[in-house]
Amino acid sequence: MSVDLQTLELLRASVSRFAKPDPAAVRALRASKAGFNRESWQLMAAQGWLAVGSDAGEEGALGLSAAVAIARPLGYGLRSEPFSQAIQASICLADGGPTAYCGDVLESIVSGELVPAVAASPEGTCDVVLAKRGTSGFVLDGTCRCVEPGNADAFVVAGLSEGEPALLWVQGASEGLSRHEVAAPDGYPLADIELRNVGVPFNQVIATGAQAQRRTLKAFDGALIVQSAELLGLIDRVLELTLDYLRTRRQFDRPIGSFQSLQHRAVDLWIQQQLTEAAVTSAAAVFDAPSSVPEQRSAAASAAKARAASAAMTVCNQAVQLHGAIGITDEYELALHLQRALRICASLGNSFLHRRRYDRYAPQPQVAA
Amino acid sequence: MSYGVAQEQDWNALGDEEFRQIVRREFEQSYPQALRYVPHRMCWHENGVWYARMAAKGWIAPNWPLEYGGMGLDPGKLLIFIEEGERWGIGRFLDLGIQMVGPLLFQWGNEEQRRRFLPGILSCEHRWCQGYSEPGSGSDLASLRTRAERRGDELVITGQKIWTTLAHDATHMFALVRTDPAAKKQEGIGFVLLEMTSPGIRVRPIRDFAGHEEFCEVFLDQVTVPLANVVGGLTQGWTVAKSLLGFERIFLGSPKLPEYGLVVLAEAIRAAGLAGDAAVTDRFAQFRMDVLHLSNVYEKFAARVRRGEPLGPDVSLLKIWATETFQAIMSFAVEISGLDGMVATGAGALILPTFYRSRPPTIFGGSNEIQRNILAKSVLHLPQ
């Protein structure tokens, strides 16, 4: 094992200790509107876990592979801290070197002080925000749909300024910004953010033009891979619950896991888990490789998200079936995973969207010539 | 005694990339273009000339140690050698002598057996087929009933083998036979080496749905074999046969066949004028990702092989996913091709044979149902 693999394994182990599944706590958060626990967010920051996004893609950095090592046990433990969103915001801010102001912002994200959300998708999942250039900054008008977490302290917003993209840092408390909160299936707060004449001073401009586009794209791809790792952790846990159930639940005087038809279905779920693991690991490696071009990153990231999302839904749905009626109850842990999967799958695009995106970026098959 | 042809150099001392380039150059320069990606198993009269060249070059047995005339490749280099063959679409000949008989004789055979049988395998003069399956013994192979009765220092064998690949192209057969009908089924089996010209052997090829005669029935009627042709103990055959399940199992799950399926599907989409069709694009993208993630998983197992670690029962996953993905791709190619998908002319000249070719792999090498049983038991630890 190389030093890096060892480091990643240690990282994974310490996140696992932090993120043990606690269904009662998850249910309490689900009912609370808060979505996640700010104190645990601080604990994560204190461990340095929120810093892994800002050096992703740089030589020598642990990069996105470290983010994956963190996200998988978070998914397993049903944690709802906005980790993938913080990584996405960090890549937007850090890639290509931040301005002085953005450097400060990045610090406060990494230290856990400031919870960011990103309303900048290259796939048009949020509506267009018009950014009018004024004398002291931009003035924004528009709506961003289903931003998560809806209760973020500040937002990375993609705007269009005379047809040119601009990436902007918008304070949550800005005048003219209003939030319309909706709850995701897992109770997590999403918000439609409405911007009416919101002023953003020039020093809060993260990037413009091709730079803005590049950062938006790279951050989106990074976030997809982190989400996929979270879904992988979720699959790990649901599969574990299901296999335990198959081993212990008895009918017809024998454990139901001894029936071949159920064994073969369990194997097919395990295969999906193995494929997801390979997809996520290799997508992170592609993302981190200095030699990768944007198309390769996008193809690998979309393939990982498409795989993780369809695998997570398949595993959750089959887990419900294999559990029987107990699988439908809200009282059993499975319900929490299904609801969580529904949100993460849809967020930044589900498997349907990412198959199409993969098709756009992946090379066509060919034989050696 | 020395075996085979001396090697030009110590291949394992080369860097992986350098070795890969040497193998690639040889394959690209010498392998006949017309024999690339042939969608059926070829007989010796079709590709024997090229394999004779490999034998003369000392490249016929990449998996054998140097002392027995092989290339002596370590697992990592062997992986490269085989990947390059797959990449160039090189068709296998009846190479079970190299894949199976040699390695078994290194482990279980005696010196006399090695001297008698290894040279013929290395020169390709002898080609071996595998007499395992019987009409009543497929997945439950240990129930086999072909009888071997001991008479002095000979065995007299009577029974029937079936699904014997290329038996009509073989000079020899290695077979599992019942040596002790009273023992527990795995414990009364012997592993014997036979010559196909022995009196009492009759081969009948079986035509498959692709129109090829690749597998056969082999009838054995009082075939006499010297006891010296038994490998291992007389009732040790099951153990001998099972000992071959090493890292070679990774090749049953190689991504190359489904990758070739994608090329055929791309051609089918083009021929049907369906490029850009939303439904087709969605399925095509899914298949490409299925193959991409297969190669990601394959790479994980290949890394274990390169590190010299043994493969666990989890490797069955590769076989299941590779073969079922290949089938799904080819079924879809037939489906979108309409009339072209059911005739063997035009675009169908490529589609139909590749469709046929995609069907057997889920059955041979341990059916996918058996693979799932193994995974359920040994990896998921589900109750039996």
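Select the interface between chain B and chain A: five salt bridges cross the interface by the rule used here, which asks for a side-chain nitrogen of Lys or Arg within 4 Å of a carboxyl oxygen of Asp or Glu. The model is predicted, so local features need pLDDT of at least 70 and side-chain atom pairs count only at pLDDT 80 or more, while totals for chains, interfaces and linings use all residues. Residues are numbered from 1 along each chain as its sequence is written, chains are lettered from A in the order in which they are written, and side-chain values use heavy atoms, with hydrogens and water left out.

**The interface**

Show B:Asp282 and A:Arg355, which form a salt bridge with 2.7 Å between the closest N and O atoms. Helices and strands in this tour are DSSP runs (helices H or I, at least four residues; strands E, at least two), numbered from the N terminus. On the chain B side that touches chain A, the elements giving two or more residues are α7 (256–271), α8 (278–306), α9 (316–336) and α11 (368–379). Of that side, α8(B) gives the most, with 14 residues.

Next, colour the whole contact (heavy atoms within 4.5 Å): 37 residues come from chain B and 38 residues from chain A. The buried area is about 3300 Å², with 65% from carbon and sulfur atoms; this is the accessible area (1.4 Å probe) that two parts lose on being put together, summed over both. In chain B, select B:Arg288, B:His293 and B:Leu380, which lose the most area to chain A, together 19% of what that side buries.

**Helix α10 of chain B**

Move to α10(B), residues 348–358. Its buried residues are B:Gly348, B:Ile351, B:Leu352, B:Thr354 and B:Ser358. Here buried means under 20% relative accessible area, exposed over 50%, and partly exposed in between (1.4 Å probe, protein chains only). The cover over these buried residues includes α7 and α9 of chain B.

Centre on B:Ser358, which counts as buried because its relative accessibility is 0%. A polar atom of the B:Ser358 side chain lies 2.6 Å from the backbone oxygen of B:Phe355. Leaving aside neighbours within four places in sequence, B:Ser358 is in contact with B:Phe326, B:Gln327 and B:Met330.

**Helices α1 to α3 of chain B**

Select B:Asn47 in helix α2 (residues 44–57). B:Asn47 is buried, at 0% relative accessibility. Not counting residues up to four places away in sequence, B:Asn47 touches B:Leu35, B:Met42, B:Gly91, B:Arg92 and B:Phe93.

From B:Arg92, step to B:Asp95: the two side chains meet in a salt bridge, 2.8 Å from N to O. B:Asp95 is buried at 7%, whereas B:Arg92 is partly exposed at 39%.

Then pick B:Asp16 and B:Lys77, another salt bridge, at 2.9 Å from N to O. This pair links helix α1 (residues 16–30) to helix α3 (residues 75–87), 61 residues apart. B:Asp16 is partly exposed at 37%; B:Lys77 is buried at 4%. Also select B:Glu17, B:Arg20, B:Arg24, B:Glu28, B:Glu83, B:Glu84 and B:Arg87, linked in a network of salt bridges.

**Chain A**

Over all chains, 45 salt bridges are found. One of interest here joins A:Glu277 and A:Arg72, with the closest N and O atoms 3.1 Å apart. A:Glu277 is in helix α8 (residues 260–288) and A:Arg72 in helix α4 (residues 63–76), 205 residues apart. A:Arg72 is buried, at 11% relative accessibility.

Methods:
A polar contact is a pair of N or O atoms within 3.5 Å; within protein, one must be able to donate a hydrogen and the other to accept it, and residues adjacent in sequence count only if both atoms are side-chain atoms.
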